Amino acid sequence: MADIFNAIKKILSGFAKGNFVVKSDRPGCFEVYYNREVEIMDRIHPELCFASLLIQKGYVGFYYFPVYMNTALKQKIAPELLKCLKGKTCFHIVKNDPKLFSQIHDALNAGRDFYSSRGWKQ
């Protein structure tokens, strides 16, 4: 699982710029947050998770929070990656697949664009 985790971590790390910051980077866990105050449904949040990784038993959990706030983003996710979705935001990644990693990169781009459309810019 470490090889899958490291491959996705490398992709996700590329999104940690400006207001998108690494909040946690420890063995088996990596989190990128939008590090600015945001308002969601009339509530103020001091920060907002963007995406995270966690090595679980038998898979790497790729937690992709933009899809939780905007389910229409699922239409922008490639079918192969969408098959890995096992809840509202958690994708179970079980194989080292460059095509799947490319699809994760595309999903992260779409999520960043969604955050930007809400005024949550880098």
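Asp42 is exposed, at 70% relative accessible area. Exposed means over 50%, buried under 20%, and partly exposed is in between, with a 1.4 Å probe and protein chains only. Asp42 sits in the loop between β3 and β4 (43-45). Helices here are DSSP runs of H or I with at least four residues, strands are runs of E with at least two, and both are numbered from the N terminus. From Asp42 to Gly87, the C-alpha atoms are 25 Å apart, with the two positions 45 residues apart along the chain.

A word on the model. It is predicted, so local features need pLDDT of at least 70, side-chain atom pairs count only at pLDDT 80 or more, and totals for chains, interfaces and linings use all residues. Residues are numbered from 1 along each chain as its sequence is written, and side-chain values use heavy atoms, with hydrogens and water left out.

Now the core. The largest nonpolar core holds 36 residues. By nonpolar core I mean buried Ala, Val, Leu, Ile, Met, Phe, Trp, Tyr and Cys residues joined through side-chain atoms within 4.5 Å. Phe50, Phe62, Tyr64, Phe91, Ile93 and Leu108 have the most contacts inside it. Which elements give two or more residues to this core? They are α1 (2-13), β2 (29-34), β3 (38-40), β5 (48-56), β6 (59-64), β7 (90-93) and α4 (98-117). The largest share, eight residues, comes from α4. As background, nonpolar side chains tend to be buried together in soluble globular proteins.

Next, the helix pair. The axes of α1 and α4 come within 10 Å and cross at roughly 30 degrees. Axes are lines fitted to C-alpha atoms, for helices over the stretch in contact, and angles run from 0 to 180 degrees between N-to-C directions. The crossing of α1 past α4 is right-handed. That means the near helix is turned clockwise from the far one by less than a right angle; anticlockwise would be left-handed.

Who meets whom? From α1 come Ile4, Ala7, Ile8, Ile11 and Leu12; from α4 come Phe101, Ile104, His105 and Leu108. Contact means heavy atoms within 4.5 Å. By class, the pairing has eight nonpolar residues, one polar and no charged. Ala, Val, Leu, Ile, Met, Phe, Trp, Tyr, Cys and Pro count as nonpolar, Asp, Glu, Lys and Arg as charged, and the others, Gly among them, as polar.

Stay on α4 for two residues. Ala110 is in this helix and is buried at 13% relative accessibility. Ala110 touches Tyr64, Leu73 and Lys76, leaving out residues up to four places away in sequence. Its C-alpha lies 7.3 Å from that of Leu73, 37 residues away in sequence. Phe114 is also in α4, buried at 10%. With the same sequence neighbours left out, Phe114 touches Pro66, Met69, Asn70 and Leu73.

Then a loop. Gly58 lies between β5 and β6. Beyond neighbours within four places in sequence, Gly58 contacts Met1 and Val94. The C-alpha atoms of Gly58 and Met1 are 7.4 Å apart, across 57 residues of chain.

Last, the cysteines. How many disulfides does a search of the whole structure find? Zero. A disulfide is a pair of cysteine sulfur atoms within 2.5 Å. Why is Cys49 unbonded? Its closest cysteine sulfur, in Cys29, is 9.5 Å away, too far for a bond. Cys90 is in no disulfide either, with the sulfur of Cys84 nearest at 10 Å. Cys49 is buried at 10% relative accessible area, and Cys90 is buried at 10% too.
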